[in-house]
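Colleague: I have some questions about the words used for this structure. Could we go through them one by one?
Modeller: Gladly. Let us put the structure up.

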Amino acid sequence: AKRQGRNRAVSFQSEFVEGVSRRVQLVAELRQALERDEFVAVFQPLFDSDERPVALETLVRWQHPERGLLPPGEFIPVCEESGLIVELGRRVLDQAARHYRRLVDEGLPGLRVAVNVSPAQFNDELVRHVTETIQRHSLPPEALELEITEGLLMQDPERAIELMRQIAALGVSFSIDDFGTGYSSLAYLKRFPIDRLKIDRSFVRDLGSDEDDAAICNSIIGLAQALDIRTVAEGVETVLQLDWLRARNIDEVQGYLLGRPMPFEELLPLLLRYLER
Ligand code: C2E
Ligand code: CA
Ligand code: CA
Ligand code: CA
């Protein structure tokens, strides 16, 4: 057993070393991918209670030369650790602004574009970059929405409030992503300039079958309404979920049932069709 233990330790060590060197290599690849402009944005529509599209969430993909289109789960964490997320975040915001312009050109004004912001990006530089982007692209600030997580608010609340106020003063709005998975109370949230809560997919999944999840969604929606914060449900995949949420006056919904994340050129005809109805 002792011997086995030692072997295990050795193999753990070499796995650890392998893990580190894989990571170092991935960081180098990601840096190169930024240089080669291999990151692309896809967009997922959000709909209001009348089933009209009201926003697009910008979601990044890595168009890898050998491995194909990679989801963010495969590279965002390493981008966050290595600091590359700052440059990647700039590119994504830029894409969002450019595509807002396309929407207007295609006769679809008034939709919001949302981008995800990692805690590692949430600093003075973000304020500067958002300001610059709005000016450079003549993006109406109220068309831009930043999605942040509860975790970010809890890390350093005073600093978060300060930065959010500066950005909100520009006219940009905030939503809290994956809501319900962190530990913040809604009363506490009132201190932050928040426009929307996006109820995490995990609570939406079992609506209709899991009473606890239904109770969680119910209380989030009810309290948010009382506090005058809009609610969004993400991960809506079934008509049952949609009807349940609509019956509770959810403000907006997003999910595979209504539209998957897709390239802008594919999304455009879909948006035009929805608006014609
Ligand atoms: P998220 O912000 O919670 O984004 C929603 C995720 O749920 C997306 O995964 C989307 O494809 C997926 N989704 C939407 N509707 C449904 C549905 O009905 N069913 C299911 N099963 N999934 C649905 P995706 O694109 O793989 O993104 C994963 C996460 O990566 C995002 O989660 C976000 O945290 C992060 N991410 C994506 N793009 C960016 C970015 O540009 N910057 C940063 N910092 N993070 C990003
Ligand atoms: Ca999001
Ligand atoms: Ca989310
Ligand atoms: Ca999520």
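Colleague: Which residues is Met 262 in contact with, leaving aside its neighbours within four places in sequence?
Modeller: This is a predicted model, so everything I say is computed from it. Met 262 is in contact with Val 42, Phe 43, Leu 267 and Leu 270. Contact means heavy atoms within 4.5 Å.

Colleague: What makes Val 42 a partner from far along the chain?
Modeller: Met 262 and Val 42 are 220 residues apart in sequence. In space, their C-alpha atoms are 4.9 Å apart.

Colleague: How do you know whether Met 262 is buried or exposed?
Modeller: Its relative accessible area is 11%. Buried means under 20%. Therefore Met 262 counts as buried. Its place is in the loop between β9 (252–253) and α11 (264–276).

Colleague: What about Thr 58: why does Thr 58 count as buried?
Modeller: Thr 58 has 2% relative accessibility. The limit is 20%, so Thr 58 is buried. Thr 58 is found in strand β2 (residues 53–64). Beyond four places in sequence, the contacts of Thr 58 include Val 42, Phe 43 and Asn 116.

Colleague: And how do you know whether Ser 175 is buried or exposed?
Modeller: The relative accessible area of Ser 175 is 0%. That is under 20%, so Ser 175 is buried. Ser 175 sits in strand β6. Not counting residues up to four places away, Ser 175 touches Glu 145, Leu 146, Glu 147, Ile 148, Arg 196 and Lys 198.

Colleague: What makes a residue a donor of the calcium ion (ligand 2)?
Modeller: For calcium, a donor is an N, O or S atom within 3.2 Å of the metal. Glu 57, Asn 116, Glu 147 and Asp 177 supply the protein donors here, at 2.1 to 2.3 Å. Those distances are within the limit, so these atoms count as donors. In sequence, the donor residues are spaced E-x58-N-x30-E-x29-D. Asn 116 in strand β4 (residues 112–116) and Glu 147 in strand β5 (residues 144–149) are 31 residues apart, so this pair links distant parts of the chain.

Colleague: Why is Asn 116 called partly exposed?
Modeller: Asn 116 has a relative accessible area of 31%. Partly exposed is the range between 20% and 50%, so the name fits Asn 116. Glu 147 has 2% and is buried.

Colleague: Which residues supply the protein donors of the calcium ion (ligand 3)?
Modeller: They are Asp 177, Asp 178 and Glu 234, with donor atoms 2.1 to 2.6 Å from the ion. Glu 234 is listed with OE twice. Asp 178 lies in strand β6 and Glu 234 in the loop between β8 (230–233) and α10 (239–247), so the pair ties together parts that are 56 residues apart in sequence. Asp 178 is partly exposed at 27%, whereas Glu 234 is buried at 9%.

Colleague: Which residue bridges the calcium ion (ligand 2) and the calcium ion (ligand 3)?
Modeller: Asp 177 does. The two ions lie 4.0 Å apart.

Colleague: Which residues are closest to the centre of the largest pocket?
Modeller: The pocket holds about 920 Å³ of space. Of its 35 lining residues, Glu 57, Leu 59, Pro 72, Asn 116 and Asp 177 are the closest to the centre. Strand β2 gives the largest share of the lining, five residues. By class, the lining has 13 nonpolar, eleven polar and eleven charged residues.

Colleague: What makes a space a cavity, and how many cavities of 30 Å³ or more are there?
Modeller: In a cavity a 1.4 Å probe fits but cannot get out. The count comes to two. The largest has a volume of about 100 Å³, and the second largest about 40 Å³. In the largest cavity, α3 gives the largest share of the lining, four residues. The lining of the second largest has six nonpolar, three polar and no charged residues.

Colleague: Last one. Which residues touch the most other members of the largest nonpolar core?
Modeller: Phe 75, Leu 88, Phe 122, Leu 146, Leu 153, Leu 197 and Leu 245 do, out of 82 residues. Helix α3 (residues 85–105) gives the most to this core, with eight residues. In soluble globular proteins, nonpolar side chains tend to be buried together.

How values were computed. Residues are numbered from 1 along each chain as its sequence is written. Chains are lettered from A and ligands numbered from 1 in the order in which they are written. This is a predicted model: local features need pLDDT of at least 70, side-chain atom pairs count only at pLDDT 80 or more; totals for chains, interfaces and linings use all residues. Side-chain values use heavy atoms; hydrogens and water are left out. A nonpolar core is a set of buried Ala, Val, Leu, Ile, Met, Phe, Trp, Tyr and Cys residues joined through side-chain atoms within 4.5 Å. Buried means under 20% relative accessible area, exposed over 50%, partly exposed in between (1.4 Å probe, protein chains only). Helices (H or I, at least four residues) and strands (E, at least two) are DSSP runs, numbered from the N terminus. Donors are N, O and S atoms within 2.8 Å of the metal (3.2 Å for Na, K and Ca); water is not among the atoms, so sites may look incomplete. On a 1 Å grid over the protein atoms alone, a cavity is a set of points where a 1.4 Å probe fits but cannot get out, and a pocket is an open set with protein on both sides within 12 Å along at least five of seven lines; lining residues have an atom within 4 Å of a point. Grid points are joined across faces, edges and corners, and a volume is the space filled by probe spheres set on the points. Ala, Val, Leu, Ile, Met, Phe, Trp, Tyr, Cys and Pro count as nonpolar, Asp, Glu, Lys and Arg as charged, and the others, Gly among them, as polar.
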